[in-house]
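Me: I am new to this structure and would like the terms explained as we go. Please set each value against its cut-off.

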Amino acid sequence: MNTRIPPYYEFHNPVKIISGHKALENLPFELEQLAAARPMIITDKGVVRAGLIDIVKGAFADSGVTIGAVFDETPPDSSVETVNEISKIYRAAGCDSLIAVGGGSAIDTAKGVNIVITEKSDDLSRFMGAEMLKKPMKPLIVVPTTSGTGSEVTLVAVINDTKKSMKMLFTSYHLLPKVAVLDTRMMSTMPPRITAATGMDALSHAMEAYICLQNNPISDAHALAAISLIRDNLVKAVKNGKDVDARLAMANAACMAGAAFSNSMVGMVHSLGHAVGSLAHVPHGVAMSIFLPHGLRYNLPKAAEWIGGLLLPLGGPEIYATTPQAERAHKTIELVEDLRETLHELCGLPLTLTEAGVDRDQLEAVAEAAINDGSLVFNPVEMDLHDALDVLNQAYGGEGAREQSGPSNRVLEVDPTTRTWQVHHVSEMERRAYLGGKGLGLKLYYDRVEPGIDPLSEENMVVVMPGVLMGTGAPCTGRFAAVTKSPLTGIMTASSCGGPFGMALKTAGWDGIIIKGKSETKIFIEVDRDKVTFHDAGDLWGLTTSEAQARMTGEKGTAALVIGPAGENGVRFANVRSGDRFLGRGGLGAVLGSKNVKGIVAKGGYTKILPKNEAAFRKAKKRALSYIRSNDMTSRVLRNFGTASNTEFTNNNNILPVRNFQDGRHDEGMKLSGRTLAEKHASKPHFCIPCSIMCGHKGTFEGKSLPIPEYETVGLLGSNLGVFDGDVIAEWNRICADMGMDTISTGGTFAWVMEATEKGLIRSELRFGEPKGVADALYDIGYARGFGAEMGMGSRALAEKYGGEDFAVHVKGMEVSAYDPRGCFGQALSYAVANRGGCHLSAYPVALEVLFGLLNPFRVGAKADFIAFLENLYCCVNSLQTCQFTAFAYVFEPPLTKYTPHFLLGFIMQNLPKAALRLIDFGLYRDLWSSVTGAPLSCKEFITAGERIHVLERYMNTREGIGRKDDILPPRLLSEYRESDEQRRTIPLDALLDRYYKVRGYAADGKPTDDLLARLGIEDRRAGSR
Amino acid sequence: MQELKFPPIPPGTKRLKTLIIRMVFFIMGRGLQSASMHDPDVKRELASIPEGFRIQMRVSPCGAAMTLLKSDAGLRYLGGGPEDAELTISFKNTESAFMVLTAQIGTPQGFAEHRISVAGILAYAMVFTRCVNILMGHLFPSFINRRIMKRLPPMPLRKQWVRIKIYALGVPFGK
C-alpha cells in the first residue's frame, strides 16, 4: 500500500477532543479555558427523553457555571426558523457560548446559530457557500450522541431553507467547534438500527475521504484508523449497546472519519445520499449504507488501487496479505457488502432503496439532484445523469435482493383456467438459438399452440419476456417483449414496451411469463418470486389503465401490466400498459381481456442481476455508452425532441401521412415537429429506466402534464386526420392511453371512417381537419358503444363490411404506420413483408433511405438485402432486449462506418450491398448478450439467431395461410398518386418481392422452404405438416 | 523626507499573468455566451438556472473578473466589471487562477487543492462547472482536456460545427 503525497493539500483540525467514559465532567473546565461562563445548550426532544441532557446538566454541579438556556426543540432537519429563534433566546439569556448535544441536526443548528450571532444578521443565505465566513465565532462545544456524522470535527453546516425548499450549505474553518466531548454515556441508549446506520455513515466518510480527489496523508491516517475501529467494533456495538468499549471505539472512529472527510471531502456516495435524503427522506446513514458498495464499484476504473488499500484496515492484515493485489479492491467491496448483510440480519438495516421506501418514480429526480451536489466534484470518476440513474437502478434492488449471475432461465407458465402455475426451464440450446425476449417468446409460443386457433379463444397464449440484458444496467434495456396471435390480423404479433413491469418481473426472478387458458371470473394475476396469486378483479373491471395501474401497484417495488376498457371489450387493437409505455400493436390487450385477466402485477426487487463475465460486460457497456453519447440521433435529436422529431424529415420528404395517406406533406406539418412540441409545451424527459437516449418526454398541455405524443401518434392521430394542433392530439393520446388502445391503428381506423363519411359510404360526424366528435368516438370505441364497437374491429373489418377497401390503409389487417411508402420503396417492401403487418419497426429502412440519405429511396437494388439484414438484426435487438434506437449508435458509430465518407458509404451500400453488409459492425449487441449469458457466440451465429427468429415467425404465419398474396400494400399506396408527388411514382412491389424472397430463401409463394427451415434448425412439431 | 530603515512594502502586480487571466476570462465569457446559443448540452444545463441570475468568476481579492447574466435562456457576457452576482466562484490568488485557466490543472483538482471557493447556491455552481467543461471541450484539443478533465465531453461531428462557430463568431463577436 503506497502513501500518497499530493502536490498541494491543506489540513486543518483545531478541535480539542476529549474522549472517555466520563469525559463530560470536564465541561466546566473547558468553558473556563475558553473564557466562557454562561453557555446555551442546543438539543432535541429525543435526547431529553433518553435522559441524556440530565447527564450534561449534572456535569455542571459544583462548577459555579450557570446554563443560560436549554433549547430542546431542534427539528430533525435544521431550519432557518429554528436557528433564528434560538439566536433570539441566546441574546435574551445573555449567553456567551454554545453547547450542542445531539446528532447532526443539533450540531448543525448550533453552527447556524453561531453564524447568526457572530454576523449579527438573520439572513443566513448571505453566507452560503465555501469559506464565506470571516469572523471568529463564539465558543462552541459539541457533545455527540450518535457515532456517525463526525459533525463535532467538521467545518460544514447544512441548514434547511423551508421557504425555498432548499438545503443551504456552509463551509468555513470558523464553524469548527472548539471542543468535542466523546462520552460513552451519551451513546449507550442509541438503538441498534441507528447504531448500525450511523456506523455505516462513519465508514462511508472514511472510505470516501481516502479514495476521493482531495485526499492527503493526514486525512488518510485518520480514515484508515477509523476503518480499523469500525471493523472491530460496529457489529459489537449493534449487538450490545451497553458494551462501553465498543461505544467509545465507535465514537472515536466517527470522530476520526469526520476529521478525515472534513479535510478530504466526500464523493458520489454522499451526492446520491444527500439527494435521496432530501427527495425521498431516507435517513443519511441508511443511504450511505445502501450506496457505499455501489459507489466503490463505480469508482473502480480510477481508484481501484486505493479501494484495494482499504482492505488492510477493513479486512485485517491476514485477509490483506492473502488476497492478490489485483483482487483487493473487489475484496474490499465484498467485505463492505458482507458487513451490510450482517447489519441487515442483526437489526434490519435496509440493503436497497426499495427497502428504504423509495419509489422507483423518484429515481430520475434523485439522479438530477445528485449530479448537482457539490460533493461530486471530488469523486474520482465523472458521474453524469445517466450514470447516476444506472447506479440508482442498481441500488434500487428490492427486499433481500440476492445476486443472480446471468439469466434465471425460469419462465412462469400460468393457467387462469385451473388457477395453477408451473415453471419452464430454458435450455442452453433454446437460449443460444433464440437469445431471449421476442425470439424465445416466439419459440415458447410455437412449441405450445397449434395453428388455426381463434386469437380470442382460451387456446391462445400471451408470452411476456424481458430479455437477458434487463436488470444488468446496460444502456436502454428497460424494455421487454410480448408475443401472441393477433385478433386484429389473425397472425403472430410481437410487441416491445418500456415502463417498469419488465424490470419488476425480471427482478422477481423470472425470465418470462406465459398466460394461457381463460379464467371463469375477472381476475388479476400477482407474480412473486416463488408464487402466483390470483386476485378477484371484479372491482377493477371497467377502470381505465391509469386507474387500474394505480390500484394494483400500491406496494413498493411492484409494477403492473394492465388493460383498459378497450381490452375488456375486445377492441382488436387494444394495447397493454406498463407505466406510461405500451405493448401497442396487434391487440394484446384484447387477448388478455378475452382471458378475463385485467392485468399482471409483478413484485420485483428480489434479484440483482449480474453479468456472467463482468469485465467483458463493463467493456461493452462503456463502448455502448460512448457510442450513444457521440451519436447525433441518440445524444441530441431523440433526447431533445423525442420521436416526433421525425416529422421534420417526413414532411420535408413527402412521406408524412396526410388525410388518410392522400398526401405526403402539409404546410402546417411542422406544428407537429418534435422541436415545436418541445418548445411550445416545455418538454421534460420522461423515459424508461435504464435509458441513455431518453426519447420520452412529458409536457404541459393546457395546464395538464401529459406525455408528448410520439411521432406515430402525431402522424396517425394528427396529420393523417388533417389535425395539426398538439394540444388536441395530446388529449386524444391520453384518452387512447386510458382506454388502452394503439394510437396507430386508432388513427388509421379514424382516417378510414372520415374518408368513408366523405364518400358517403357511412354516416358519421367525423371529418378531416375537425376535432369535433373524435374524443367521444374514442370513448365509444373503448367502451364498445354504438358505431364505436364496429370501429373497434379496425379498418380492414370496416372496409369489408361497408366497402372502401381501396382506401383502407392496412397490411394484413394492421394499419400502416406514419411513413408513406410511395416516397421510400424500401419502406414499402418492409411494410409488405413485415411479419405482423403494417409495421414500421420490422426493418425501418426509411432511416437509410430518407433520414440518412444512404440508399436511393426510389431504386429497387439493395433494398431486399438491407431489409432482410435489418429484420434479422432487429429480431436480435428485440430479443436481447434493448431499444431499437440503439442501432443508430451501435451500428453507425463503430469507426469503419463513422469515418467512411458519406458519399462512399452510400455508394457501397447502394451498389455493393452484400459487401456493405459484411462490413457492418454489429458486434456490440453480440458482446452485450455474450457477457451477460456467459455463452460465447460468433457474430455469424448471433445474426443467424436473428434470422431464425424472423423465419420462425414467418413460418408460423404461413401455417395460418399467409403467403405472397398477403405481402401486398393497400391499393391507395400501390396505384394512387399524390398531388405533391410531381414524379407520380409507383411502387414496384413485385420486383422488390422477387428479390426479397430470393435473399430470404423463400419459395415463390412466399413460404420458407424446407431447406431454409432445416438450415435454421426450425423443427416441424407435427411431421409432414409443413 | 527621511527614508525609513524598514519601509512598508506596497503590493506589487503580476502584470503578465493578470493580463493572460483577463484574456482567458474574455475568451471564456464570449465562448460561454456563444455556446449557450449553439450547444444543446449547454442549453439543457442552463435551463435549471433562473432568468436574471448572475454568475461571476473572479480572482481574489481584487483581481480580474468575468460576469455572466442568464438572459433569454442563454448566457450574456457582461465583461469584467465589479457587478454583484448571485453566484461567485473565486480563485484564491492569481497563481491559482493562472494554473486553472491555462489548463495546467483541471477544475476538480483546483477545488481539491482549495484554490477555488464558491459563494452562493452550490447546485448552480455544479451546473456552471459542467457548462465550462463543455466549453473547454470546444476550446482545447482533447490531449489537453484529457489531462484536466475526469471524462472528455462527447464531441461528435455536429459539435465540430459548434466549435467552429464558437471560434469564428463566438469569441470575436459574441455570436
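Reply: This is a predicted model. To begin with a pair of helices, H15(A) passes H16(A) in a right-handed crossing.

Me: Why are H15(A) and H16(A) called oblique to each other?

Reply: Helix H15 (residues 363–371) of chain A and helix H16 (residues 385–396) of chain A pack at an angle of about 130 degrees, and their axes are 9 Å apart. Angles of 65 to 115 degrees count as roughly perpendicular and those over 145 as roughly antiparallel. The value of about 130 degrees belongs to neither class, so the two helices are oblique.

Me: What makes up the contact of H15(A) with H16(A), by class?

Reply: From H15(A), residues including Leu363(A), Val366(A), Ala367(A) and Ile371(A) meet residues of H16(A), among them Leu385(A), Leu389(A), Leu392(A) and Tyr396(A). By class, this contact has 10 nonpolar, one polar and two charged residues.

Me: How do you know whether Ile166(B) is buried or exposed?

Reply: Ile166(B) sits in helix H7 (residues 157–173) of chain B. A residue is buried if 20 or more other C-beta atoms lie within 10 Å of its own. Ile166(B) has 24 of them within 10 Å, and is therefore buried.

Me: Which residues is Ile166(B) in contact with, leaving aside its neighbours within four places in sequence?

Reply: They are Gly31(B), Ser34(B), Ala35(B), His138(B) and Val171(B). In addition, the C-alpha atoms of Ile166(B) and Gln33(B) are separated by 9.0 Å, although the two residues are 133 residues apart along the chain.

Technical notes:
Residues are numbered from 1 along each chain as its sequence is written. Chains are lettered from A and ligands numbered from 1 in the order in which they are written. This is a predicted model: local features need pLDDT of at least 70, side-chain atom pairs count only at pLDDT 80 or more; totals for chains, interfaces and linings use all residues. Axes are lines fitted to C-alpha atoms, for helices over the stretch in contact, and angles run from 0 to 180 degrees between N-to-C directions. Helices (H or I, at least four residues) and strands (E, at least two) are DSSP runs, numbered from the N terminus. Angles under 35 degrees count as roughly parallel, over 145 as roughly antiparallel, 65 to 115 as roughly perpendicular and the rest as oblique. A crossing is left-handed if the near helix is turned anticlockwise from the far one by less than a right angle, and right-handed if clockwise. Two residues are in contact if their C-beta atoms, placed from the backbone, lie within 7 Å. Ala, Val, Leu, Ile, Met, Phe, Trp, Tyr, Cys and Pro count as nonpolar, Asp, Glu, Lys and Arg as charged, and the others, Gly among them, as polar. A residue is buried if 20 or more other C-beta atoms lie within 10 Å of its own, exposed if 12 or fewer, and partly exposed in between; C-beta atoms are placed from the backbone.
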